2 protein chains.
Amino acid sequence: MPINNGDFILVDYVLKVKDTGEVFDVTIENEAKAANAYSPDQSYEPRLVAVGQGWMLKGIDEALVGAEEGQEKEIDLAPEKAFGERDGTKVRIVPARELTKQGITPKPGARIEVGGQLATIRSVGSGRVTIDFNHPLAGKQLSAKIYVRKVVTEPAERIRELIHRRIRGIPKERFIISMVGNLVTIEMPEEAFTAEDIQFAKKGLAKEISKYFPDVATVQFVESHVLKQPAKPAPQPEAPAKETPAEGTEAKAPQ
Amino acid sequence: MPINNGDFILVDYVLKVKDTGEVFDVTIENEAKAANAYSPDQSYEPRLVAVGQGWMLKGIDEALVGAEEGQEKEIDLAPEKAFGERDGTKVRIVPARELTKQGITPKPGARIEVGGQLATIRSVGSGRVTIDFNHPLAGKQLSAKIYVRKVVTEPAERIRELIHRRIRGIPKERFIISMVGNLVTIEMPEEAFTAEDIQFAKKGLAKEISKYFPDVATVQFVESHVLKQPAKPAPQPEAPAKETPAEGTEAKAPQ
């Protein structure tokens, strides 16, 4: 089945500046190392893309439509399908003291933050500095190699990938996902309980799930603190009661 | 029923240094204001005490045993039932530069931290400083007024008070507590999702519940992000599924 807008897919890619061959974004460890672009802080694995949602550069989003699982694609991206054309009005000359006042020592090529915006210092004259608010890759022709690794179709697996995108560093298999009617329940693994910014990750995740699953009204996160082995068999409750699913099982709603 | 060790009770109190009448701990707003001991950061309301667990000064813990709901008690506490006797070996003379090196300007009466321990500067001589590691109230005779406001007997209400003790600032009624067999489920209100240090509060709470309810093996926290009204009625699941209890209901285990 060719890929459509809205599909969830896992892709690897290598993105280069066409002229120089410089690799500026890459998801494959070997390729990163070969191009001297490896960073130990990055996790090298395929990325989740919701096709056509602007998660990727426009040209890549477009190239994915119609591709098939397992396919490799090499494409060139014109600036308007990548980081945009250069905009001359975004280049400004400012007095050097305006920067030194902020603790910035103007040096050509340096990336700085001015008024909340990132900029590049182009040149330093006598008391005057030229700064450029264009994206460093604006106006550049790019070349991209894309590998469509997997099309993710199962709703629970789509949710698992959305989780993984926001909560890295914890194996995605450890989240137990169930979908029943308009309720999604995500049982969190213990190592996620106190992960950094986890409460904000959950909040964002709930919104995202709600966006991509229009039928879902409630996203429920469950954290089970198992403190001891039960001292005696649990009494059978008579009243309607919550039940925990057996570990690893997933009840899925009919779609 | 007279109060026993292990009971959960709500108490108000006013604690004074007997000699000076200085109020150093108080749970009642009016009394705090009258004694010039009011702090806008404190919440004035009865405190939860698990009797005999060392949550309160020894003398108060002991005075609570045998008291009744609604009772008021005025007692004197000898140092050994309060902050202990003064220990002469905890007073040390150190070179002044040892403190100045740490950025402390020695001043008589100042509370300082030395090697992770709190201490009071007693006197400053020529190049030498006398510091006292005794608790400031060690050796003091205290007087306490205690009001037993409530004996909390219902298990779910005991848990509610344990929650309130750790998660202040959010009305305790908003937590939905259910107890079924060896599982306690606490449905968190939305305003608690991103409360400060909430993940650590939950962790501590789970341990505490496990301690005071020996039959409880698992404490489960549930956060429901309700994102939209259901677009259509939820299908009836055929598979065993989690169910959310209707808001406000509490299924309680037979004790």
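**Questions on rings, helices and strands**

Author: Lys33(A) lies over the face of Tyr38(A), at 4.8 Å from the ring centre. The model is predicted, so local features need pLDDT of at least 70 and side-chain atom pairs count only at pLDDT 80 or more, while totals for chains, interfaces and linings use all residues. Residues are numbered from 1 along each chain as its sequence is written, chains are lettered from A and ligands numbered from 1 in the order in which they are written, and side-chain values use heavy atoms, with hydrogens and water left out.

Reader: What makes Lys33(A) count as lying over the face of Tyr38(A)?

Author: A charge sits over a ring if NZ of Lys or CZ of Arg is within 6 Å of the ring centre and within 35 degrees of the ring normal. The distance for Lys33(A) and Tyr38(A) is 4.8 Å, and the limit is 6 Å. In chain B, the charged end of Lys33(B) sits over the ring of Tyr38(B), 4.8 Å from its centre.

Reader: Why is the pair of Tyr38(B) and Tyr44(B) called as it is, stacked or edge-to-face?

Author: A pair of aromatic rings is described by the distance of the centres and the angle of the planes. Rings of Phe, Tyr and Trp (its six-membered ring) pair if their centres lie within 6.5 Å; planes under 30 degrees apart count as stacked, over 60 as edge-to-face and the rest as tilted. Over all chains, 10 aromatic pairs are found. One of them joins Phe24(B) and Phe83(B), with 5.9 Å between centres and 65° between planes, and is therefore edge-to-face. Phe24(B) belongs to strand E2 (residues 23–26) of chain B and Phe83(B) to the loop between strands E4 (72–77) and E5 (91–95), 59 residues apart. For Tyr38(B) and Tyr44(B), the centres are 5.3 Å apart and the planes stand at 20°, so this pair is stacked.

Reader: How do you know whether Tyr44(B) is buried or exposed?

Author: Buried means under 20% relative accessible area, exposed over 50%, and partly exposed in between (1.4 Å probe, protein chains only). Tyr44(B) has 16%, so Tyr44(B) is buried. Tyr38(B), at 35%, counts as partly exposed. Phe24(B), at 25%, is partly exposed, and so is Phe83(B), at 26%.

Reader: What is the status of His225(A), and what does His225(A) contact?

Author: His225(A) lies in strand E12 (residues 218–226) of chain A. Its relative accessible area is 8%, so His225(A) is buried. Contact means heavy atoms within 4.5 Å. Leaving aside neighbours within four places in sequence, the residues in contact with His225(A) include Phe193(A), Lys202(B), Ala206(B) and Phe221(B).

Reader: How do you know that the span of helix H4 of chain A agrees with what is expected?

Author: Helices (H or I, at least four residues) and strands (E, at least two) are DSSP runs, numbered from the N terminus. The expected span of a helix is 1.5 Å times one less than its number of residues. Helix H4 (residues 155–166) of chain A has 12 residues and should span 16 Å; its end C-alpha atoms are 17 Å apart, which agrees.

Reader: What makes H4(A) mostly covered?

Author: In H4(A), 9 of the 12 residues are buried. Among them are Pro155(A), Ile159(A), Leu162(A) and His164(A). Their cover includes strand E1 (8–17), strand E9 (142–152) and helix H5 (198–212) of chain A. Over chain A, 44% of the 255 residues count as buried.

Reader: What pattern do the side chains of strand E6 of chain A follow?

Author: In a regular strand the side chains alternate between the two faces of the sheet. Along E6(A) (residues 111–114), Ile112(A) and Val114(A) point to one face and are buried, while Arg111(A) and Glu113(A) point to the other and are not.

Reader: Why are E6(A) and strand E7 of chain A called paired?

Author: Two strands pair if DSSP finds at least two bridges between them. E6(A) and E7(A) (residues 117–124) are joined by 4 bridges and run antiparallel; they are therefore a pair. Arg111(A) stands opposite Thr120(A) in E7(A). In this hairpin, with 2 residues between the strands, Gly115(A) takes a positive phi near 55°.

Reader: Why is Lys81(A) classed as it is, buried or partly exposed?

Author: Lys81(A) has a relative accessible area of 29%, so Lys81(A) is partly exposed. Lys81(A) lies in the loop between strands E4 (72–77) and E5 (91–95) of chain A. Not counting residues up to four places away in sequence, Lys81(A) touches Leu57(A), Lys58(A), Gly59(A) and Glu62(A).
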